[in-house]
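Colleague: Hey, could you walk me through this one? I'm new to it.

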Amino acid sequence: MSHIELEKVLPGEIEARSFEIITEELGDTPLIPGTEMIVKRCIHTSADFEYAKNLAFSEGAVEKALQALRNGASIVTDTQMGKAGINKKKLAEYNGEVFCFMSDQDVALMARQNGTTRAAASMEKAAALDRQLIFAVGNAPTALVRLYELIQEGKIRPQLIIAVPVGFVNVIQSKELILNLRDVPSIVARGRKGGSNIAACICNALLYML
């Protein structure tokens, strides 16, 4: 076996050491004050330093999101994977829940009847919830497009939209739609990168900042 020097790090110190390395490697990369922990957590989740440049925050988005969470806002995701990754115990401390309607039979039926995706139909179902909502979209551009339409129709007013779907078809365009919203706070990963893991890690970063 070739001689490979492993860093000696105790199990409980791995995450802290990871964040030290991220901070070192970011160097003097300019980050928006108040967003540093979110950016670093996205890099920690993906090992991708491009998030330091491609994460766009609307003005006051982090402060508004933290206030909403303190006031008991719930989170809606577009994947079960995203839902699974969010710290539900921490969210419950503030009386929030995580919802994902993608597997619901009524959502599948609505999608078939309307000729849309389940993701779009799940946003319709979320719009009927009588509570403050944060949307964390990591997979489906169609969810963002429908969300945008529902906002324009006056049917929903999200506390925050985390727009980080990954992929190639309408991904960039759907994110730009969200960036164009003037009155809705947003955190958007510009370009093609993102994913359910990134959506969940932004939610968790916000929860750990409370």
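Modeller: Sure, one term to begin: buried means under 20% relative accessible area, exposed means over 50%, and partly exposed is in between, with a 1.4 Å probe and protein chains only. This is a predicted model, where local features need pLDDT of at least 70, side-chain atom pairs count only at pLDDT 80 or more, and totals for chains, interfaces and linings use all residues. Residues are numbered from 1 along each chain as its sequence is written, and side-chain values use heavy atoms, leaving out hydrogens and water.

Colleague: Okay, is C100 buried or exposed?

Modeller: C100 counts as buried because its relative accessibility is 7%.

Colleague: And how many disulfides are there?

Modeller: Zero, taking a disulfide as a pair of cysteine sulfur atoms within 2.5 Å. For C100, the nearest cysteine sulfur belongs to C203 and is 12 Å away.

Colleague: Why is C203 not bonded to C201?

Modeller: The closest cysteine sulfur to that of C203 is in C201, but at 8.7 Å it's too far for a bond. C203 counts as buried too, at 2% relative accessibility.

Colleague: New topic: which way do the residues of β5 point?

Modeller: In strand β5 (residues 160-163), L160 and I162 point one way, I161 and A163 the other, and all are buried. Strands here are DSSP E runs of at least two residues, helices are H or I runs of at least four, and both are numbered from the N terminus.

Colleague: What's the bridge partner of V137 in β5?

Modeller: A163. Four bridges join β5 to β4 (residues 133-137), and the two run parallel; strands pair if DSSP finds at least two bridges between them.
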